[in-house]
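Colleague: Please take a close look at one part of this model for me, the aromatic pairs, and say how they sit relative to the pocket.

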Amino acid sequence: MREHEDPQERQARRKGGGEPGGTRRSGTRGAGRKRLTADDWADAALAALAERGLAGVAVEPLAARLGATKGSFYWHFANRDALVAAALARWEELSTERIITAMEAAEPDPAARLGALLRAATASAADDPLEVRLLAAGDHPEVAAALARVTERRVGYLAHLFELLGFPPPEARRRGVLAYTSYVGHAQLAHAVPGSVPTDPEYLAAVSDALLKP
């Protein structure tokens, strides 16, 4: 039982044996309604954050977005802070770890991998304002900690690629920072001043080539 669960939801759960805001845990009754997971709530929180910033992460609007109730939320999370933490962890996993894993599997050549990573990340950042919103919320302790972890992971991975290309560790790290700051600046300008930075493949290839020059 959740401490903050609505009384009506608690009663419904006791009668039906299912999770609030979702399907029953057993049997076929109510099977047409999807039972929400913690990841569903985290994904909805990230979508709201991308649209309206951290202030957009609020339980009631998210419940309406998902077609659920507050009881479903409290089934998974103790409070809004717990949801924010889960959303940030989800962002780290989807936007960094899974991308690195996919790149490692798809492209064996480190130079080609670096170029593909730069193109994909820049295109994604131009289309999705989530990372810009997170940077703007950097004064929030949880967001600041997540940004620090993601920045170190991404710069570290870029430095690793430069090392594979033959650059000594200090220079590889410097180029990793340069590549990442180029990406962040590109994302910021793409949203703050639309049309101010090119997104065509030729431009991104030129950026990649400049980073690879001895």
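The answer below takes the ring pairs and then the pocket.

Modeller: This is a predicted model, in which local features need pLDDT of at least 70 and side-chain atom pairs count only at pLDDT 80 or more, while totals for chains, interfaces and linings use all residues. Residues are numbered from 1 along each chain as its sequence is written, and side-chain values use heavy atoms, without hydrogens and water.

A search of the whole structure finds five aromatic pairs. Rings of Phe, Tyr and Trp (its six-membered ring) pair if their centres lie within 6.5 Å; planes under 30 degrees apart count as stacked, over 60 as edge-to-face and the rest as tilted. Phe73 and Tyr74 make an edge-to-face pair, 4.9 Å centre to centre with 75° between the planes. Both Phe73 and Tyr74 are buried (under 20% relative accessible area; exposed is over 50%, partly exposed in between, with a 1.4 Å probe and protein chains only). Ring pairs also link Phe73 and Tyr74 with Trp41 and Phe77 in a cluster.

Tyr180 and Tyr183 form a tilted pair, because their ring centres are 5.6 Å apart and their planes meet at 40°. The two lie three residues apart in helix α9 (residues 169-192), about one turn of the helix; helices are DSSP runs of H or I, at least four residues, numbered from the N terminus. Tyr180 is buried at 11% relative accessible area, and Tyr183 is buried at 9%.

Tyr183 leads to the largest pocket: among its 27 lining residues, Ser95, Ile99, Ala121, Arg154 and Tyr183 lie nearest the centre. A pocket is an open set of points on a 1 Å grid over the protein atoms alone, where a 1.4 Å probe fits, with protein on both sides within 12 Å along at least five of seven lines; lining residues have an atom within 4 Å of a point.
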